[in-house]
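Q: Please take a close look at a single strand of this model and explain how that strand is placed among its surroundings.

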Amino acid sequence: MSGLVETQNRQGRPALPTQPRGPPSLARFREPVDREKTCPLLLRVFTKSGGHHPAEEFAVRGKEPKDEVQIYTWKDANLRELTDLVKEVSQEARKRDAKLSFAFVYPDKNGRFVVRPVGMTYSHGSGQRLDDPKTLAELGFQIGDYLSVAIL
């Protein structure tokens with residue numbers, strides 16, 4: 001074990017080796033989730049034609065925008081999967097030339113909401129284009145974030 005420290009815990013079993021500090025590797029985000037054994041998370045999705053909802057519309061809890069869709073999914077869901085789910089509930093998203101812009105909405109350290117664009121897909125993508133294969137985990141999604149979808 002080069003460079004790793006091995007210690008023992010209180011029961012006398014070897015502890016896991018310490019990992020080097022730094023950003024997590026992308027390999028961790030690419031691990032598939034066992035969807036049969038892992039409980040899905042609730043993703044609150046807010047759709048809007050023409051652009052994203054302004055951050056101010058999320059400022060008061062319980063007074064979020066009315067065009068909400070609730071989706072149960074996993075962190076390994078990619079933007080193509082989410083695009084297809086949005087198309088099921090939004091007529092405008094089904095248009096052949098529609099582009100969907102995705103953004104995470106979350107409070108910053110001061111409590112003000114931030115809208116952070118994370119990707120773009122085409123409604124009728126043939127093959128993998130733009131950001132289709134990017135997963136929620138790869139994009140930095142945290143449970144409790146909202147997803148804003150602008151239909152352009």
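A: A residue is called buried when its relative accessible area is under 20%, exposed when over 50%, and partly exposed in between (1.4 Å probe, protein chains only). Strands (E, at least two residues) and helices (H or I, at least four) are DSSP runs, numbered from the N terminus. The model is a predicted one, in which local features need pLDDT of at least 70 and side-chain atom pairs count only at pLDDT 80 or more, while totals for chains, interfaces and linings use all residues. Residues are numbered from 1 along each chain as its sequence is written, and side-chain values use heavy atoms, with hydrogens and water left out.

The strand chosen is β5 (146-151). Six of its six residues are buried. On one side of β5 lie Y146, S148 and A150, and on the other L147, V149 and I151; both faces are covered.

The sheet comes next. Two strands pair if DSSP finds at least two bridges between them. Five strands form an open sheet with mixed pairing, in the order β2-β1-β5-β3-β4. Because β2 and β4 (113-122) stand at the edges with a single partner strand each, one side of each has no neighbour in the sheet. β5 runs parallel to β1, to which six bridges join it, and antiparallel to β3, again through six bridges. Y146 in β5 is the bridge partner of R44 and also stands opposite V105. I151 in β5 is the bridge partner of L100.

Y146 also meets a residue from a loop. E64 is placed in the loop between β1 and β2 (68-73), and it is buried, with a relative accessible area of 8%. A polar contact (a pair of N or O atoms within 3.5 Å; within protein, one able to donate a hydrogen and the other to accept it, with residues adjacent in sequence counted only if both atoms are side-chain atoms) of 3.0 Å joins the side chains of E64 and Y146. The E64 side chain also reaches the backbone nitrogen of G62 at 3.2 Å.

L147 belongs to another setting. A nonpolar core is a set of buried Ala, Val, Leu, Ile, Met, Phe, Trp, Tyr and Cys residues joined through side-chain atoms within 4.5 Å. The largest such core has 20 residues, and L147 is among those with the most contacts inside it, together with L43, L100 and F102. β1 (41-49), α2 (79-89), β3 (99-107) and β5 each supply at least two residues of this core. In soluble globular proteins, nonpolar side chains tend to be buried together.
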